[in-house]
Amino acid sequence: MSVTKNQARRKAKAPRPAKGDFVLGARGASGAAGPGTSGVVLLLLVLLGLSALAGVRVEPGPPAYTAGDIADTDVVARRDFLVEDITSTLAKRRAAAEAQAPVFDLSPDTRRLLEATVRDVFATLDAASPEALEDVRWQIAEDLNSEIAKATLALWQREDFQNLVLGRVLPWVGDLLDRGVVDDADDLARHAHGIILRDMAAGEETMIADTETVTDIEHLRAALAAFLKNELKKPLTVRKAVWALVGPALEPSLVLNREETRARAERAMASLRPVYFHVRQGEILVRHGEAVTLEQQVKLQAMAAESPRSVTVLPAGGIFVLAALMALGLPLCRRARLCPPLQGRDYVLLCMLAVVFCSGAKFLALIGGPLTLGSPVLTKEIIPYSLPLAGASGVAAMFFPLVTCFFVSLILAFFCAHILGGGLTLFSFLFASGLLYAFVIKRAESRKELLASVLPLLAGLSLAWVGANLLEYQGMTHALAGWAYVLAGGFVSLVLLLALSPMAEYLLGYTSRFRLMELMSLEQPLLQELMVSAPGSYHHSLVLSNMVEAGARAIGANPLLARVAALYHDVGKVTKPLYFIENQMGGENRHDKLAPSMSALILTSHIKQGVELARTHKLGTEIEDLIRQHHGTMLISFFYHKACEQAEARGEAPPREDEFRYPGPKPQTKEAGLLLLADAIEASSRTLVDPTPSRIKGHIEKIVKKIFSDGQLDESALTLKDLHELSSVFLRILTGIFHQRIEYPGGDSPQLREDARARTEYRPESAFADGPPPEAGPEPRSGHRPEQDPTGQSSPADARDGGSVLKFTKQRGSR
């Protein structure tokens, strides 16, 4: 078959369907024009919810035993964790606090207060009269809080004494105070690590490691006495008088700042890390029947604190972003024509699978029930491998192509691995097992094969477990325990597949291959009704089913779906079977008395009626879609040309072409395009007289070219290579249908051969609009001269739904 470039570029613009027509988007449900926004929003919401679920780390804590309780079960550490050694931590912090040097503030006011007090005393004495001297003595004694003798007071009144104190003693004492003087040096002895001298005026701190260098009040008194005696050569009476004046007014210049010292000690303790000891995963913390010790109680409390119980926002956000990018592969594959687009029910099924299996993963994450094989329990790291995620991939494989199953397995394995707290090994195990089961289920052709699919699944799961176990090998006991879990998950996957696929089929209207096999039975009520009411259409459907099945296998389409759709594609004709030529059996043609527009309306109505019957008998949306699309938007050319001729004869405007086209839509899948081609070719091939292989081949190429040029295959995903393959397949089948037979003995008479041919020939009465047919047949009994529509199907008044006019005729003789 050859298709010119000009023909390939020509695309017939399909008419806009009228209101109320059945319109289908790409593989969509009735009335939908593609994947609904609500389905996308639902999927995103479910992904967001599952991301939050994966971000929650909730684990059952250990039993709440306290010291002295008798443990009623073994408690094993689920993971490595650290336990704080409280005693050692407290001792370490106490030592740090004691090592913190105390802070002493150096007061700059001590020297000024001393000098001010001494000057006030001298000023009071100088201003006192001899009569009031006694009262002044008592007043000064009260102020200094010290008893003062009259002789001492008299000495203070002397000018040379005052000059001594003001000129020599106070500056000397002030220098000592500026360096720092404490109240009692014995208080510094306990600060072995030294003290911190903080000069508030200068804003400086000085560390004094040797506290013996710090002067106290007693040492200052002795030093002052030595200074007066040795340097100033003063007698004892003067020395006592000086101390009697300076001593009561003297205050320490270094004062302990308790608040600052405490704050620095607390900061030092806080900066120290606690002391921990390491608990290993699998370590038995408490044994059954033993009394719990205080140390064991601390370990149990530490393990309970290690169990995360909150949603971590950042990981949940990261999971959502990655999952959304993975889900983006579905529309990208659709744009690349690798898979059909998802419809509303597809999104619902995907969301249901995600919620069910991710919830199951969360349940497994919370399970603590062990599997024991005469050895310590091994559950926490093994039980995630028992997740029957392969069941989700199997359910998806029942209704979706493998490309979609790939992304379903990828997304679910990603979520479940995070929910179960596993790493790359667990993700790889779940993804590989799911993808394997999808391939296995795609090859199952019967319920028996579906049950037997568990065997390759178990083999694949075992092999995957071997790989995962080798990556993290922990001994033979661990390997055997994990294998038991894995096998259990495989059997549960089969059970879930058997349980969930019928539910999806019933609730969401899917049609599984097993349902298709049931519909393929010729004992189905609808096929029985077609056989009785419209036997010609029934025979045509049987022949067509063989053609489309072979064609589907050649181009990689679904042969089972195509075959079943071919059996039911003309069921709408049971409502008005006598209006279609193949069912008239040589009787009166009812279209002779009808207007062309009415005849076209009757022909197109079998599409809508077929869809309604399919819905009533629950054939499934896939079959409904193929019934709706099997004529596309093709023109019923005979009645259109007849209407044009009548309008021209009456002097009226020609009718609109849209009124004489099928409502469509155009075929949206390979199966629909294949059905349209096979229907047109099989019906119109009946026009051939003496159909040789070369004539059949030319006829097929002509029909395919016209359908392609009319744009009916634009949305079907059929390629030019597919059309070439289909042409070869149709040629092989039609050649077999129109095979030649040898002449029987005694059948040499030309009259007998003509009679035998007339009795067996299923002759359509049609002709080509653009030229005569390959072999001119006898004149139709109805008197009409049929026309040919653009697809190559003839559409006379007694047409078979706009296809070839098929009519049993007998030239001579009878059965």
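The following exchange between a trainee and a mentor works through a predicted model, from its sheet to its largest pocket.

Trainee: In what order do the four strands of the open sheet stand?

Mentor: The pairing within this open sheet is mixed, and neighbouring strands are turned by 30° against each other on average, with direction ignored. Read across the sheet, the order of the four strands is β6-β5-β3-β8.

Trainee: Which strands stand at the edges of that sheet, each with a single partner strand?

Mentor: A strand with a single partner has one side left without a neighbour in the sheet, so the edges can be read from the pairing. The two strands in that position are β6, residues 204-208, and β8, residues 254-256.

Trainee: In what sense do β3 and β5 pair, parallel or antiparallel?

Mentor: Strand β3 covers residues 103-106 and strand β5 covers residues 195-199, with four bridges between them. Within β3, Leu-106 stands opposite Asp-199 of β5. The sense of the pairing between β3 and β5 is parallel.

Trainee: How many bridges join β5 to β6?

Mentor: Strands β5 and β6 run antiparallel, and one of the pairs that can be found between them is Arg-198 with its bridge partner Glu-205 in β6. The hairpin of these strands has four residues between them, and there Gly-203 takes a positive phi near 70°. The number of bridges joining β5 to β6 is five.

Trainee: How many of the five residues of β5 are buried?

Mentor: Buried means under 20% relative accessible area. Strand β5 is largely enclosed by the rest of the structure, because the count of its buried residues is four of the five.

Trainee: How far apart in space are the C-alpha atoms of Thr-261 and Ile-196?

Mentor: Thr-261 has its place in helix α10, residues 258-270, and counts as buried at 17% relative accessibility. Along the chain, Thr-261 and Ile-196 are 65 residues apart, whereas their C-alpha atoms are separated by 9.4 Å.

Trainee: Is Leu-224 buried or exposed?

Mentor: Leu-224 is found in helix α8, residues 217-231, and from Arg-239 it is 15 residues away in sequence and 8.5 Å away in space, C-alpha to C-alpha. With a relative accessible area of 2%, Leu-224 is buried.

Trainee: Why is there no bond between the sulfurs of Cys-358 and Cys-416?

Mentor: Cys-358 counts as buried, at 0% relative accessibility, and the closest cysteine sulfur to its own is that of Cys-416. A disulfide requires the two sulfur atoms to lie within 2.5 Å, and the structure holds zero disulfides. The pair is too far apart for a bond, because the distance between the sulfurs is 4.2 Å.

Trainee: Which peptide bond is cis, with omega near 10°?

Mentor: The place to look is the loop between α28, residues 637-650, and α29, where Pro-665 lies. The cis bond with omega near 10° is the one from Gly-664 to Pro-665.

Trainee: What is the phi of Lys-618, a residue other than glycine?

Mentor: Lys-618 is found in the loop between α26, residues 596-616, and α27, and it is exposed, with a relative accessible area of 64%. Asn-145, in the loop between α5 and α6, also has a positive phi, near 60°, and counts as exposed at 72% relative accessibility. For Lys-618, the phi is positive and near 55°.

Trainee: What volume does the largest pocket have?

Mentor: Lining this pocket are 49 residues, and those closest to its centre are Lys-442, Ala-557, Asn-558, Leu-561 and Glu-671. By character, the lining divides into 22 nonpolar, eleven polar and 16 charged residues. The volume of the largest pocket is about 1300 Å³.

Trainee: Which helix supplies the largest share of the lining of the largest pocket?

Mentor: Several helices each supply at least two residues of this lining, among them α14 (344-366), α18 (424-443), α24 (535-555) and α29 (670-684). The largest share is five residues, and the helix that supplies it is α27.

Notes: Residues are numbered from 1 along each chain as its sequence is written. This is a predicted model: local features need pLDDT of at least 70, side-chain atom pairs count only at pLDDT 80 or more; totals for chains, interfaces and linings use all residues. Side-chain values use heavy atoms; hydrogens and water are left out. On a 1 Å grid over the protein atoms alone, a cavity is a set of points where a 1.4 Å probe fits but cannot get out, and a pocket is an open set with protein on both sides within 12 Å along at least five of seven lines; lining residues have an atom within 4 Å of a point. Grid points are joined across faces, edges and corners, and a volume is the space filled by probe spheres set on the points. Ala, Val, Leu, Ile, Met, Phe, Trp, Tyr, Cys and Pro count as nonpolar, Asp, Glu, Lys and Arg as charged, and the others, Gly among them, as polar. Two strands pair if DSSP finds at least two bridges between them. Axes are lines fitted to C-alpha atoms, for helices over the stretch in contact, and angles run from 0 to 180 degrees between N-to-C directions. Buried means under 20% relative accessible area, exposed over 50%, partly exposed in between (1.4 Å probe, protein chains only).
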